[in-house]
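Trainee: Please take one part of this structure and walk me through it closely. I would like to see how the strands there are set against each other, and which charged side chains meet.

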Amino acid sequence: MTVIDLNSAPQLDQADNGASSPSGDAQASSGTESANSAESDVAQNDASSEYEILTAPMASDEFYVAGVTWEGTAPEGVDIRVLESGTWSDWYALEIEVGVGGNDGTEPFITGGADGVQVRISGSEPPADLNLVLTSGEGDGEAVEETPSVATVAPAAGTDTIEAINAEDVAPETLMDMGTSAPSAEALAEPQTLTTQATATVPQPSIVTRAGWGETRVPPLWTPSYVKLGGAVIHHTAGTNNYTQAQAPGVVRSVHDYHTYSSGRGWDDIGYNFLVDKYGTIYEGRYGTLLSSDTQMVVGGHAAPANTGSMGISVMGTYTGTVQPTQASITSMENIIAWKFSAAGVNPKGTWTFYNGNTGRNQTVNAILGHRDVSATVCPGNIYPLLGSMRNNVQTKIDSAGKPVRGDNDLVVFKTDDFSPVSTNVQYFGKSGDEFYVGNVLSNGDLPFTRRGNVFTFATSSTSPTTTNTYTIGRAGQQVFTGDIDGDGKESLILRSGNRFDIYDNPAVNTPTRSINFGKASDEVFVFDWDGDGMDEIAVRRGNQFYLKWMVTSGNADRVINYGRKGDEVYVGNWNGGSVDTITVRRGNTYYMSYSNRSGDADRKFGYGRATDTVVVGDWNRDGKDGIGVVRDLTK
């Protein structure tokens, strides 16, 4: 990391209204002579001078990020241009960030590997400690102070005072302050969270981790803080946009170094949670971002006063004037937001309310917002008008991920968590002729599995389509049950022949862990935790009498209860989140649910599905309460 004191850097004399040295080799010689004459002193500008500081074009080692920092009163303006591949860029105006912690400074300016730089500062008086910081993302971040030589390639004559190409796009305010953009009417009309069906279904996009882009050098010295995720703030950096795909990881390292080290902004870590390059590659930014839980995000340093509860995503480059972001970068941002919002239950077309420490009150903004919505900045430039379509696209991605795909499956299970007439989740799984079951046999929660002969196919997720595990277990024709008989949170597969029960703790091993005898071959069997000890027991039913045992062992029943009528279809589950599993009977498509396993009237009555449906029971959303599912063969 190179640090140049701009107050003592080589300066150009502005007395002739900023005329630059001539072009070509002769120009370079002339520029060098002019700059060396003022190498150790700031040029004494006369009344016609336009800039308080106008450095000579300076040579440097290759760098990917440049920024200017200071102590004291901020300058009115900071412009920069760089030498890339032997050609000087246009002038760019950098946004000024004051009072956001660490050192005051500009946004990072990204290059495609520049080896020359020129800076101009406007204002009544430059700060006493005014530094140009150049980083290449290499080394240990140790600052090296240099007095640079003049670049051997000079800019074209007369270009020293040409206006920055983005001058009209940079906000005039020098302090970060409250924005004035209000949430859209559409956002205010939308509910603030998604339904259960739509959450946690969008897969994580491919992300280059911190280790992947090289941040293994200096672990953060701070403790990450995690809060509930409420919004996504979109940024862009600044720069020439000339970096290559191979240079992009070095650019990310350079942004990190400029943000982090004391000779730069001096923050705890890189401010953004994610960075996206123009090729669409996503990089993990702030430490702890990928360690955040589904509903939370590590607090970043990207959009004061809205850092807490937001996810900062920055596209690397300048997108102002006629320069538009690439579709690849926009799509990648949408993929990040869809992934995190679906898991956290955040509505991309809704709003987010956060506490604004600058104003001392809550502020409501769109859930997907631009940096300018909370600070005095034009960031994210030309990305800002695209936020409306981004919100729509994120919603579409979430909706699409929530819609199951049938594929080549013939069987479908309609699940309900709240026992309303409308299913809350649908999953396609299995072929016509398969036997359909549900259980937590693979420790992934209650998921469907099928049997054909003695071949079992287990779903490994609740989405459609889904990957599967297949095992050969037992013999064809045995009755199939599942139950957590030892209280370890995982269900065993139980196969019944007559009154013999073979218990398989590991479905990958086609040998019973143990076997017991209970009841009669003509009994109807149920496996559930009826006594609340955390372990499932085997129960048998004769007519409307249930014979219950305390433990899964051979022998006589420990308790007998009456419930329902002879001929009722019976299902058991933990319907209300209590300590015991209880009985529900079905007559037609009407369910009579008990919460206590006592004789008497039902505690709940509801209708669901058709009388011809096959019924299964499972904790579909893993909230500790079971729901009902009905299975249909779509070929019939």
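Mentor: Start with one facing pair: Arg 541 stands opposite Phe 546 in strand 34. This is a predicted model, in which local features need pLDDT of at least 70, side-chain atom pairs count only at pLDDT 80 or more, and totals for chains, interfaces and linings use all residues. Residues are numbered from 1 along each chain as its sequence is written, and side-chain values use heavy atoms, with hydrogens and water left out.

Now the strands themselves. Strands are DSSP runs of E with at least two residues, helices are runs of H or I with at least four, and both are numbered from the N terminus. Two strands pair if DSSP finds at least two bridges between them. Strand 33 covers residues 537-542 and strand 34 covers residues 545-548. They pair in the antiparallel sense over 3 bridges. The two form a hairpin with 2 residues between them. Look at the turn: Gly 543 there has a positive phi of about 70°.

Strand 34 has another partner to look at. It pairs with strand 35 (residues 559-562), again in the antiparallel sense, over 4 bridges. Here Gln 545 of the pairing stands opposite Asn 562 in strand 35. Keep one general point in mind: in a regular strand the side chains alternate between the two faces of the sheet.

Next, charge. Side chains of opposite charge can pair when their charged atoms come close. A salt bridge is a side-chain nitrogen of Lys or Arg within 4 Å of a carboxyl oxygen of Asp or Glu. The whole structure holds 16 of them. One of these joins Arg 542 to Asp 523, with the closest N and O atoms 2.6 Å apart. Arg 542 lies in strand 33, while Asp 523 lies in the loop between strand 31 (514-517) and strand 32 (524-528), so the pair ties together parts that are 19 residues apart in sequence.

How open are these two partners? Buried means under 20% relative accessible area, exposed means over 50%, and partly exposed is in between (1.4 Å probe, protein chains only). Arg 542 is partly exposed, at 29% relative accessibility. Asp 523 is buried, at 4%.

To recap, strand 34 pairs with strand 35 and also with strand 33. From strand 33, Arg 542 forms its salt bridge with Asp 523.
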